[in-house]
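Please open the structure in your viewer and keep the selection tool at hand, since this tour moves from one selection to the next and describes what is found at each stop.

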Amino acid sequence: PEKIKQELLAKYPPKVARKRSKQILVNKKDEDGKIPSIGANVRTVPGIITQRGCSYAGCKGVILGPTRDIVNITHGPIGCGFYSWLTRRNQTRPASDQDDNFMTYCFSTDMQDEDIVFGGEKKLKSAIQEAYDAFKPKAISIFSTCPVGLIGDDVHAVAREMKEKLGINIFGFSCEGYRGVSQSAGHHIANNGIFTHVVGKDDTIKDADYKINLLGEYNIGGDGFEIDRILDACGISVVSTFSGNSTYDQFANSHTADLNTVMCHRSINYVADMMELKYGIPWIKINFIGAKSTAKSLRKIAAYFDEPALIKKVEMVIEREMPEVEAVSEDVKKRCEGKVAMLFVGGSRAHHYQELFREIGMKTVSAGYEFAHRDDYEGRAVIPDIKIDADSRNIEELDIEKDPEKYRPRKTPEEMASLANKGVPFKKYDGMMPEMAEGSLIIDDVSQYETELLLKIYKPDIYCAGIKEKYAIQKSGIPMKQLHSYDSGGPYAGFKGAINFYKEIDRMVNSNVWRFLEAPWQSHPELSAKYVWE
Ligand code: CFM
Ligand code: HCA
């Protein structure tokens with residue numbers, strides 16, 4: 001693998017190679033058992049074709065995109081709004097036909113040249129008024145695209161003015177595309193905004209057992225529906241999901257939950273930390289990708305509440321669900337065992353999906369995130385060592401204190417210590433690298449050029465990434481699975497999702513179609529007709 005690394009770097013100018021060399025690592029512990037540290041969350045070198053997205057995409061598309069009853073207005077050129085409109089396949093299910101669902105609409109100020117020259121605030125105000133008149137929503141939010149910051153439109157002032165005028169909650173996000181080095185900055189901005197403007201606004205205590213929030217689950221391809229099905233069967237109540245299939249009221253009430261469970265650590269660990277500080281809700285990392293991880297996560301939740309009835313019910317659900325999962329995985333394994341996968345996805349799935357491949361006997365030889373931070377690779381223990389650079393300083397850190405009225409520790413310090421002793425891992429995430437095989441190649445912010453080389457060197461049986469890579473990879477004759485949108489598939493979370501995934505991967509890696517990629521005349525030149533001029 002060290003040789004492969006050198007091969008990937010060989011063509012780069014020395015300065016670029018030096019930078020990339022920190023982001024491409026052979027996964028290998030040193031004598032003290034420490035994993036190496038990786039360069040992550042740093043700017044992409046201009047000219048390199050990255051697969052990253054922008055801060056606006058992270059804020060509007062990722063975090064707030066799946067909310068169905070907030071009118072999310074993009075202040076900017078129409079392309080920004082259009083591209084972030086449901087392309088992620090985030091699903092929602094309103095309680096009835098009468099409930100608001102604005103996700104089928106794309107709201108934008110459709111900024112034009114003249115707005116750039118004369119300013120766009122007036123247009124934004126009238127867009128808010130128009131949306132209010134047409135839909136009477138509970139809340140409206142405004143997302144800034146690059147030109148907004150460049151021309152200096154004050155979306156927050158507009159939000160305050162219109163909030164006053166219309167009497168509903170209106171708030172803006174300074175999530176201009178260039179705000180950070182990737183969409184990760186947008187997650188942080190979005191979470192700060194929702195935390196400031198929505199969380200904690202509704203104190204109604206619902207009468208339900210085992211109340212949790214599911215943080216960082218976006219209901220892509222219906223994942224959230226499958227997770228809800230399982231939690232419901234266990235008798236665990238979800239107060240709020242951030243933000244798959246979510247509503248405004250759920251966010252507002254989320255501080256009444258007794259445990260925060262974090263699915264996608266990268267996008268939302270901020271909210272988990274802030275809720276613990278302000279309201280006293282502990283958090284644990286869970287993972288519903290992979291049948292075994294699902295079972296383990298359910299057991300962690302049950303261990304936290306520490307009640308025999310719940311522990312028993314969780315075991316019953318696992319016992320009921322696992323036989324079908326195991327039957328399919330055993331069958332699929334016969335055809336997939338030993339095959340090789342590569343995963344270059346986002347900020348959490350490149351890690352989580354390795355588990356599903358493992359369950360059918362497939363190996364991940366190389367993986368990486370597009371925009372995760374060092375803690376997602378190496379584990380949260382490295383957080384104090386992460387250098388704060390100018391790009392991260394650019395994003396506001398909220399000053400959070402205990403809420404004088406609403407702070408309520410859910411467990412005593414003694415209970416917390418005893419649970420931690422019993423293996424409930426509070427605030428803990430070990431990251432991708434410790435779980436990967438020694439000698440696997442870890443690559444942060446992989447480039448198109450590197451992708452093409454990796455395909456030639458490793459010839460993997462499947463390559464998982466996003467839409468930008470998809471067709472280049474397929475044209476090289478390698479099956480390609482989108483682990484963002486799931487192509488047209490899913491759910492892949494939970495027990496039923498695992499079954500869907502095993503079958504899909506079996507179908508893909510054992511398909512005959514790749515044999516026909518070479519045209520007949522490429523291997524049989526005599527078949528090529530040649531026109532000869534007389
Ligand atoms: Fe979290 Fe996500 Fe992901 Fe992400 Fe994303 Fe996504 Fe992703 Mo695409 S929040 S980090 S910013 S799990 S949109 S649902 S698939 S890159 S791995
Ligand atoms: C985003 C969204 C994205 C893009 C996926 C892709 C998603 O980053 O803005 O590149 O295929 O999941 O839809 O991550």
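Begin by selecting ligand 1 and the residues around it in this predicted model: by class, its shell has five nonpolar, eight polar and three charged residues. Of the 16 residues in this shell, those that come nearest to ligand 1 are Cys 264, Gly 346, Gly 347, Arg 349 and His 484. If you colour by secondary structure, you will find that α3 and α12 (265-279) each supply at least two residues of the shell. Colouring by domain instead shows that domain 1 (55-197) and domain 2 (211-335 + 380-421) each give at least three residues to the shell around ligand 1.

Now move the selection to ligand 2, which has 13 residues around it, with Gly 53, Ala 57, Gly 466, Ile 467 and His 484 coming nearest. Two elements, α3 (55-64) and α20 (467-475), give two or more residues to this shell. Its make-up by class is two nonpolar, nine polar and two charged residues. It is worth keeping His 484 displayed while you go back and forth, as His 484 is among the nearest residues to ligand 1 and is also among the nearest to ligand 2.

Next, colour the two domains, domain 1 (55-197) and domain 2 (211-335 + 380-421), into which the chain is divided. Their C-alpha centres lie 27 Å apart, and 29 residues of domain 1 are in contact with 23 residues of domain 2. On the side of domain 1 that touches domain 2, α3 and α9 (183-197) each supply at least two residues. Which helix gives the most to this side of domain 1? Select α9, which contributes 10 residues and gives the most. By class, the side of domain 1 that touches domain 2 has 11 nonpolar, 11 polar and seven charged residues.

Within the range of domain 1, show the strands as ribbons and look for the open sheet of four strands, which are ordered β3-β2-β4-β5 and pair in the parallel sense. The edges of this sheet are β3 (107-108) and β5 (169-173), each of which pairs on one side only. Strand β2 (residues 70-75) is joined to strand β4 (residues 139-144) by six bridges, and the two run parallel. To find your place along this pair, label Asn 72, which stands opposite Ser 141 in β4, and then Thr 74, whose bridge partner in β4 is Phe 143. On its other pairing, β4 is matched with β5 over five bridges, again in the parallel sense, and here Ser 141 stands opposite Phe 171 in β5.

Stay with β4 and turn on its side chains. Six of its six residues are buried, so β4 is largely enclosed by the rest of the structure. In a regular strand the side chains alternate between the two faces of the sheet. Here Ala 139, Ser 141 and Phe 143 point one way, while Ile 140, Ile 142 and Ser 144 point the other way, and all are buried.

Now select strand β6 (residues 211-217), where seven of its seven residues are buried. β6 pairs in the parallel sense with strand β7 (residues 237-243) over six bridges, and Glu 217 stands opposite Ser 243 in β7. Adding helix α10 (residues 223-234) to the selection completes a right-handed β-α-β unit made of β6, α10 and β7. β6 also runs parallel to strand β8 (residues 259-262), to which four bridges join it, with Leu 214 opposite Thr 261 in β8.

Is helix α15 (residues 349-359) largely enclosed or largely open? Nine of its 11 residues are buried, so α15 is largely enclosed by the rest of the structure. The buried residues include Arg 349, His 351, Tyr 353, Leu 356 and Phe 357. Among the elements that cover them are α13 (291-305), α14 (308-336), β10 (340-344) and α21 (494-509). After α15, stop at Gly 361, whose phi is positive, near 80 degrees.

For the last stop, select Ile 383 in the loop between α16 (374-378) and α17 (390-393). Ile 383 is partly exposed, with 13 other C-beta atoms within 10 Å. If you draw a distance from its C-alpha atom to that of Cys 336, which is 47 residues away along the chain, the separation is 37 Å.

Methods
Residues are numbered from 1 along each chain as its sequence is written. Chains are lettered from A and ligands numbered from 1 in the order in which they are written. This is a predicted model: local features need pLDDT of at least 70, side-chain atom pairs count only at pLDDT 80 or more; totals for chains, interfaces and linings use all residues. A residue is near a molecule or strand if its C-beta atom, placed from the backbone, lies within 6 Å of it. Ala, Val, Leu, Ile, Met, Phe, Trp, Tyr, Cys and Pro count as nonpolar, Asp, Glu, Lys and Arg as charged, and the others, Gly among them, as polar. Domain bounds come from an automatic or database domain assignment. A residue is buried if 20 or more other C-beta atoms lie within 10 Å of its own, exposed if 12 or fewer, and partly exposed in between; C-beta atoms are placed from the backbone. Two strands pair if DSSP finds at least two bridges between them. A crossover is right-handed if, with the strands pointing away from the viewer, the path from the first strand over the helix to the second runs clockwise. Two residues are in contact if their C-beta atoms, placed from the backbone, lie within 7 Å.
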